[in-house]
Amino acid sequence: MARAGLKRQEVSLPTQRGFAALWLGVVLVLLVAAALRFYDIHRTPPGFHYDEGAYFIASREIAFFGARPFPVFAAFNGREVFYLYVNALMMRLMGEQIFTMHFVSGMMNLVTVAATLGLGRAIFGGRRGIIIGLVAAAFLAVSFPQIFLARQAFRAVSQPMLQALTLWVLLVGLRQPFTQRRKWGGWLVTAGFLGAATLYTYMASRLFPIWVGLILAFVWLANREQRRIRFLQAALVLVTLLIVAIPILKYYYENQDVFNDRLSQLSGSEDAPSYWESIELHAKMFFIKGDPYSRYNNPDAPYFPQWVGVLIVVGWLVSLWRIVRPAPDQDTVARTGYFLAAIAPLMVIPSVLAVNGLPPSHMRSVGMVPAIFLLPAIGLEFLWAQGTHLLSAKNLSFRPQLTTATYGIGVIGLLMMAGTVWQRYEKWASVPELYYQTDGDMVDAGAWLIEHRGPNTIMYVTSGHYDHPSLRFRRLPGGDITFLLGNRVFAPPVNRDAYLVEIHNARLNESLREWVEQHYTQEATFYGPDGDISFVVYHATPSEIASTTPIVQNAALNHAETIGGWLLLLNTNLVEAVPGQTVSVFTEWGILNPPTYGDLTPIFSLETLDGDVLSRDEPYTLYSDQWRAGETLYQQSNLAVPAGTPPGAYRVMIHWVARAEDQYVGQIDAQGNFAGIATDLGIITVSRAASFPTPDMLNIPHRESREMTSGVRLLGWSDIPASIRPGEPFKFDLFWQAIAGTRIDEPMTLVAVNENAELPLWSGNPAMNTYPFDQWGEGEVVTDRHRWSIPTDFPAGEYGLHLRVGVADVMLGNFSVLELNRVFDAPVIENPLDVDLGNIVGLKGYSISTTTLTPGQTFDLTLLWQSLEQTDLPLTVFVHVVGPDGRNYAQADMQPRQNTYPVALWLPGEYITDAYPLTLAADAPPGQYEVRIGLYLQANGQRLSITDSTGQSVGDFWRLTTLTVE
């Protein structure tokens, strides 16, 4: 007797005529799938996206240049390699062309369709299995997300293929007779191998072994009579999977940063939806509202049409029912198939977790393919079975005609769905913005350059990425391409001609374009499908360059120094600024020699005249070691002028830093000496803004609205230091607003108060005595930055910091002045000295752990200083171990005691013991080495002059001792 609520369905085999019809259905589904995946593939989709270009380059490296990345391609953020190797093989067979990769993607997806058909047959057997497999494959064949994926060169397409093959082979193996161990063993070993191979496809595949494990666990639980054999089968699959997965598991264990990199890129941030919101978005994704990004979908179109959503719901309910109440003709494998279909929606978990990736994402949801397509197939088969049962029960003669009608309706329905989805795909692919989203502008610019560049031509290309793969996949000579990003452009050396290509996706701002038009001639303009400019080509010939870009320094700059001997500042352009806006700073540099560092990065800073930094800008830089001698670099920086900045003069400074080494690159003067690390670009005048921000627009940590004097209100203040040492800078901000009333030039005072005394700390006008109250405009907001030092002889203890203006008094917070363990009795030192450095510091001796070394050896040097005079100069100690060739083979440049006890904190007469661990370079040649020490100002490199114990001047460094390197 059939179970209540569901009619019993016999698992019958089709007749010979039925078999022919079903095979025709299989062929038709595959033909439709192939047509939708390969028709007009040379034209749509347009472009060749960044990721596609990167996969192309990696595959080409494998195919033709001996690259063997395994198990992941570490150079490309740890991408798994299965797709790359398949493409490399096909490139060897079909050639190095975009079509090869699109063909591979289409074939992989076609295999997914075929494997899904086989999966249905393997799960359910008989007529039901054939129908469910055929219908699931048909839905997959006409699925827009799957057609999209099949026509792109994205490695995500390989995951559904291997998952479909794994599940098909696994369920075929589980369906084999228990007695035929060799037969089911072969199937299950293959399933384990394919399941592990899936881990080498795409990030979302990392959860696939869990789904395989759940399937095997369900089989074991559902098959009570044969649990022992089912356990052995599960163990065979999982052990095989684990063995094959060992390389990638080992790699991720040893390179956890690579494993976590992509996860961190996609995990939650402040602006990302919460995980609960992501779950809701993905629940709607199936047939309500899908992927919002037009790059991957018709924005917000669901994964399935709504009417298919009805079948999915029916299929899911049927699957749950058949798990709990299996039909009499339903074996363990069929019950397992229902379980697989029921958990299919959960396979979008990788996309759910990627809340930073514009959820819901159809592509990151590929883990649910092909299992999700079983649900509408199960739903449709159930409704069809119930309907035919009811009709044939009334009139048995209806069955043959009904079967024929069903085949006809199925064929017509498949063709109609194929036509509909193709219209949708063509409409999506013809949207003009897609051309730019797929980097069509970069691809077309590359094609133009291939055709027009000469043998001596430099190519400058604006880009959002260095080494943009959508251009790099073409065989343009890499050394002749410079990617322009980070607001910089170049003019070529006088002996080279150059094309500068401005790409739609990385347009120059007006100021940079004006500079380009002064140094280049616009040669051609090309347009995209929307009529907007796709790319513009500028050309400079050697004769034009010689007349427009001589490396001649602007004499008004008065900078004779170079940056590391590589860059010479030619010109600057500074403009006025107002608070709350961004000011652009332009610098022009002559490149004398290619820098040694590949990440030589400029750091621009807007500072008060006292050196307090208001804002910084650090344009991203790579491949600076490929800059060419004779080029001119035009660099733009955008510096924020914080709201509330008082009007006045502010300085713009630039430092150059080798980022990987975290090392400042100093200026070199005409004599080849170090001349500091900072270049003064000039003064910017900040004017009063025409309108002022309201107090609630400011980030004020401690708010307290209080009128302090006539026409002036204190809005609040920033955190004050919790503890401080005598001599250290005391840094905090006060926030003010000018209100109605007559403002007078009244000073304010900051006082340290404890139970015993009131000790004055600072007194003066706001903005460090530059902007008194009576100059403020009504409504003006002023950020009053305080940067002054606690006196070096200030008593230790607990204090409250009070702000006083006239009779008004506000307590800003508590702080501690720490007691320093100062030493005024001369310590014993191994090698006493009496050396004077600038009448500020005395060198009283040193000790050294060894004077005989081998290359690469570490040794310790301890210096004994004495403070001779109070100073607020930020002095830096240098210790250089100089070889016979004049090169530094060991070096330390820092403030005393590892930057923890600067000279400005010392009291006259105090002794300071200062240790330096040093490591000799591994390539140090044998010979005699000098240890040289001294003090200098980091900003300009100026060293203190040195006199010996007789008062004789000895230059700006002291030869401390000699080392022998063996």
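This passage describes helix packing, backbone features and internal spaces in a predicted model. Because the structure is predicted, local features need pLDDT of at least 70 and side-chain atom pairs count only at pLDDT 80 or more, whereas totals for chains, interfaces and linings use all residues. Residues are numbered from 1 along each chain as its sequence is written, and side-chain values use heavy atoms, with hydrogens and water left out.

Helix 4 (residues 98-124) takes part in each of the helix pairs considered here, where helices (H or I, at least four residues) and strands (E, at least two) are DSSP runs numbered from the N terminus. The axes of helix 4 and helix 7 (residues 158-175) come within 8 Å and cross at roughly 25 degrees, the axes being lines fitted to C-alpha atoms, for helices over the stretch in contact, and the angles running from 0 to 180 degrees between N-to-C directions. The two helices, helix 4 and helix 7, are therefore roughly parallel to each other, given that angles under 35 degrees count as roughly parallel, over 145 as roughly antiparallel, 65 to 115 as roughly perpendicular and the rest as oblique. Their crossing is left-handed, a term used if the near helix is turned anticlockwise from the far one by less than a right angle, with right-handed used if clockwise. The contact (heavy atoms within 4.5 Å) involves, among others, Met108, Val111, Ala115 and Leu119 of helix 4 and Met161, Leu165, Trp168 and Leu171 of helix 7. In this contact of helix 4 with helix 7 there are 15 nonpolar, four polar and one charged residues, where Ala, Val, Leu, Ile, Met, Phe, Trp, Tyr, Cys and Pro count as nonpolar, Asp, Glu, Lys and Arg as charged, and the others, Gly among them, as polar.

With helix 5 (residues 126-141), helix 4 crosses at roughly 155 degrees, and the two axes come within 6 Å. That angle makes helix 4 roughly antiparallel to helix 5, and the crossing of this pair is right-handed. Residues making the contact include Asn109, Val113, Leu117 and Arg121 of helix 4, together with Arg128, Ile130, Leu134 and Ala137 of helix 5; by class, the contact of helix 4 with helix 5 comprises 10 nonpolar, seven polar and two charged residues. Helix 2 and helix 4, in turn, pack at an angle of about 100 degrees with their axes 11 Å apart, and are therefore roughly perpendicular to each other. Here Glu52, Tyr55, Phe56 and Ser59 of helix 2 meet Ile98, Met101 and His102 of helix 4, a set that divides into four nonpolar, two polar and one charged.

Several backbone features are placed in loops. A cis peptide bond with omega of about 0 degrees joins Phe70 and Pro71, and Pro71 is found in the loop between helix 2 (50-64) and strand 1 (72-73). Val369 and Pro370 are likewise joined by a cis peptide bond, with omega of about 10 degrees, and Pro370 belongs to the loop between helix 15 (349-353) and helix 16 (374-394). Asn839, although not a glycine, has a positive phi of about 60 degrees, and its place is in the loop between strand 28 (831-837) and strand 29 (841-848).

Empty space was examined on a 1 Å grid over the protein atoms alone, a cavity being a set of points where a 1.4 Å probe fits but cannot get out, and a pocket an open set with protein on both sides within 12 Å along at least five of seven lines; lining residues have an atom within 4 Å of a point. Grid points are joined across faces, edges and corners, and a volume is the space filled by probe spheres set on the points. The second largest pocket holds about 1000 Å³ of space. Its lining has 30 residues, the closest to the centre being Phe674, His880, Asn888, Gln891 and Asp893. At least two lining residues of this pocket come from each of strand 16 (663-665), strand 32 (875-882), strand 33 (888-894) and strand 35 (927-937), and strand 33 provides the largest share, five residues. The pocket lining has 13 nonpolar, 11 polar and six charged residues.

The structure also holds five cavities of 30 Å³ or more, and the largest cavity has a volume of about 140 Å³. Of the 14 residues lining the largest cavity, Tyr466, Thr482, Phe483, Leu622 and Tyr623 lie nearest its centre. Strand 4 (481-484) and strand 5 (488-491) each supply at least two residues of this lining, with strand 4 giving the most, three residues.
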